[in-house]
Every structure is written in C-alpha cells, then in structure tokens.
Amino acid sequence: MTSSKRIYTKLTLIPLHIIMRPLYILKKKKVIWRINTIQEQQLKRKWNKILECADGLSITFQKDKELIERIKRETSLNNKNNITRTAAYLSFYKRHPEVHWSFLAHMVSRNAGYFMTDLKGEFLPDLIDRSVIEELYFMLEKGNSIIFQDAYPQLLLYEESKKRKISLFNLCKFFNVSSFMEGVWEMFFDGDRTPLLPSAQIINEQSHIEKHLIRTEQFQKLQNQLSFKLQDWLHLSQILFPILPINNSIGDIMQGFETIEKRIELGQNLYVMLFQYNNFDPVYNFADNNPHTGSRSDYDSDVFAVSKNQNSGSPKEKLSLFKTKKNQRLYSPKLEAVWDKNYHGPFHSSDWFSNPKNIFSQIRLVSKPSPQIRLAYWAGLHQIETVYLLKQFYRLIKKNRGL
C-alpha cells in the first residue's frame, strides 16, 4: 500500500468512527424486561426471612461442612488466574445451561484476558509507563478475581442443590455472598426462569466491585493518570464477542467504567445480545472450539500472533483498512507467558445490599442498538498504531539530532 493510501485509510476510518460514536451514544435504550410486582413481593418475603435467620445460622450437619470446604477448595483452585476462571465459567455452563450468566461471565472474562495481554502486546508498552501498565493489569486481575470469588461458590451451591433436590442457598453466608443473591437464587430454584437471575447477578457483581475496587484509593489515583486517560481516548475497551468469520462479531463499547449504572447497563445489554437475539449459537460455537489463552490470536490468527517479530529497524505501519499488511501480524501474547502475578485476596464480603426499595428499579434488562463493533475495533487499532508510530518517529528524530 502506498503512503497516500495509508494516510487515506487513517484519515477516513478514524474520523468515521469518531463521527459515528456520538450517534450511537445518543441512541435511546429500551427496557425489554423488568421485574414484576409478584416477583417483588416474593423477593421481599425471602429477604426478610433471610435477614431474620442471619444471626442464628450454624452448621450442624457434617455433610454440609464437607460441602463448604469442598466449594472453598474448588473456588481457590479455579481462581488461579484469568485463564482458569474463564474456563471454569464455561465448564459450569456446559453442565447447567439454564444458568445463562455463567456463559456471559465466560465471554466477558475472555475480554478481560485480552485487555491484560494488550498491556504487553504490540503497542501499549511503548505508550504507557511501565508502572502504570503494572497497575492497570493489577486492577483488571483484581476485578476478575473478586468477581469469581463471589460468583463461583454461588454456582457450585446451585449445582449441589440441583443434585440433592433441596435448596442449599442458606449456606451463601459461609462464602460471604450477599443476602440479595441468596433470595434471588431461592426464586430461581423454585422455578423462576425469567431474566431475574442474570439481571440480579449483573447488579450483584458490579455492586461488589464498586465497593472493593472502583472506590478504592488505588483505582482513583490510576484513573487520574495521563496514561489511563490515553487508553480511554484510544477506545481500547470494546467488549468483543467473536463470531467466525470474525467480521460477523458482535459487542459493545465500555464507557463510563467508573459509574456503576453504566457498568450494569453494559452487562444487561451484552446479555440481551447473547440470549435475547439470535447471536448465542455462533458465539457459543466459537467459545467451545477455541480454548481461551488470553491472546487475540484465539479469534483472529491472520491479524495477531503469539510470538513477537524480532526484526529491528525503523518502525513500520502494519495495519491496512480492515486487515494487516501482507505478512504482517500484531503481537498478542498468551496471558500466562507475560503475566505471573495474580490476585489471591484478601476477599471481602459482598455486603452491599441493605435497602430492597432502592434495588427493584435496577432489576431489568436494557437493550441499546449495537455499535458497528467492527468499525470501532479497527478504528481503535488504527488510532493506537498512529500514536505509536508518531512516538517512534519522534524518538528517531531526537536520536538523529543528538537531542
């Protein structure tokens, strides 16, 4: 591709995305499901009963004591890193496909792994300070870990309840799970197959990380750093659900990550994409046939490679319009090859739930027209490559001038 064509690519693709992005933001969201009055009344009764029994709960049966210890061991074993967590969600979904959230969690956790490896990939190490990269990784890893530590025991309690044909959700307290989720699981086990459970799980996990991640002093400092703002400006936070061929993929753009309402709406919209529209089968086929490694080559080996090109010399553009130039691929390593520091606690109780009156308005599903994720994805890559090349050329100029 000639220089003029390369400039034309970037001067059309990037502005086009910048123009279309606000148009997507302005599109109205639509509530396609919300909790009804009967469900509200049932939940209130269950929550009241749970709170009345909270102080006097003890375990007297050896079988339950053994179950608690087993679930703790299995959770700890599968909470090793992003790879093991992501695999555990999918494995559970295969055993219990009625629990939709576990597959949504698998796909979102895949994207968390992609974000982690991006920090050690083709461009970001040259654009973001090493210390900030470490902090960004730690925030992603911590969030991924504390959500799993809260959610996976819930899933295993459901599995055992299903096996014994009796509710065991009174044991939620031994895993520091909120009374909010205990009541919702009771409803699900009683036969409620509305979107109540997945909607509640999205609310619960986002409320959990709100207190123990987003509001922490460490996250607030990171958010104010220039490099963090650069990452946001470059729009590197697309949640991508691969559908092969890759051009058919779906997804959404993370915006306002620091706002719990935005994160909840994002989760609800992603759920709707998967389970309310006709996208589930192709996304599941991808997940089932492509084990998660954290490398973006999992879904596009024509564009990404797990090995780094060792060729030296002046920086060269690798991207074309919606592909890479001939024989060029972007470095996207496997996660376990570049990160070995993982978060294993401390884990805190998800004790955010206190007022049932304020929560019912959030128990719903919100749908919003999907962005052109292919355009957003490639525009983001071109933006970051442009900044990367400008920085590399600036370094060369300084070096040649002896500055």
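Contact here means heavy atoms within 4.5 Å. Everything below comes from a predicted model, where local features need pLDDT of at least 70, side-chain atom pairs count only at pLDDT 80 or more, and totals for chains, interfaces and linings use all residues. Residues are numbered from 1 along each chain as its sequence is written, and side-chain values use heavy atoms, with hydrogens and water left out.

**View 1. T216 sits in a loop between two helices, α8 (196-214) and α9 (217-223).** Helices (H or I, at least four residues) and strands (E, at least two) are DSSP runs, numbered from the N terminus. Leaving out residues up to four places away in sequence, T216 touches K142 and K211. At 19% relative accessibility, T216 counts as buried; buried means under 20% relative accessible area, exposed over 50%, and partly exposed in between (1.4 Å probe, protein chains only).

**View 2. E258 is in the loop between β3 and α11 (260-275).** With a relative accessible area of 38%, E258 is partly exposed. Set aside the neighbours within four places in sequence, and E258 is in contact with E210, I214, F219, Q223 and R263. Look for Q220 here too: 38 residues separate E258 and Q220 along the chain, and their C-alpha atoms are 9.1 Å apart.

**View 3. Helix α7 (179-189) is largely enclosed by the rest of the structure, because 10 of its 11 residues are buried.** The buried ones are S179, F180, M181, E182, G183, V184, W185, E186, M187 and F188. What covers them includes α2 (37-53), α6 and α8. After α7 comes G191, with a positive phi near 120 degrees.

**View 4. D252, in strand β3 (residues 250-253), is buried but has no salt bridge.** A salt bridge is a side-chain nitrogen of Lys or Arg within 4 Å of a carboxyl oxygen of Asp or Glu. For charges, Lys and Arg count as positive and Asp and Glu as negative, while His and the chain ends are not counted. K368 is the nearest side chain of opposite charge to D252, and it is 7.5 Å away. What D252 does have is a polar contact of 2.9 Å between its side chain and that of N269. A polar contact is a pair of N or O atoms within 3.5 Å; within protein, one must be able to donate a hydrogen and the other to accept it, and residues adjacent in sequence count only if both atoms are side-chain atoms.

**View 5. F103 and F280 form an edge-to-face ring pair.** A pair of aromatic rings is described by the distance of the centres and the angle of the planes. Rings of Phe, Tyr and Trp (its six-membered ring) pair if their centres lie within 6.5 Å; planes under 30 degrees apart count as stacked, over 60 as edge-to-face and the rest as tilted. By this rule there are 30 aromatic pairs. For F103 and F280, the centres are 5.3 Å apart and the planes are at 70 degrees, so the pair is edge-to-face. This pair links distant parts of the chain, with F103 in helix α5 (residues 100-118) and F280 in helix α12 (residues 280-289), 177 residues apart. F103 is buried at 0% relative accessibility, and F280 is buried at 17%. Ring pairs also join Y93, F103, Y271, F275, F280 and Y284 into a cluster.

**View 6. Two cis peptide bonds, one from L244 to P245 and one from G345 to P346.** Omega is about 0 degrees for the bond joining L244 and P245. P245 lies in the loop between β2 (238-241) and β3. For the bond from G345 to P346, omega is near 10 degrees. P346 is found in the loop between α13 (335-338) and β6 (364-367).

**View 7. N176 and N327 each have a positive phi of about 60 degrees, although neither is a glycine.** N176 lies in the loop between α6 (130-164) and α7, and is partly exposed with a relative accessible area of 39%. N327 is in the loop between β4 (304-305) and β5 (330-331), and counts as exposed at 74% relative accessibility.

**View 8. A look at confidence along the chain, using pLDDT, the predictor's confidence in each residue from 0 to 100.** The chain averages a pLDDT of 87, and 85% of the residues score at least 70. Over residues 1-5 the pLDDT is below 50, and this stretch has 3 contacts in the model beyond near neighbours in sequence.
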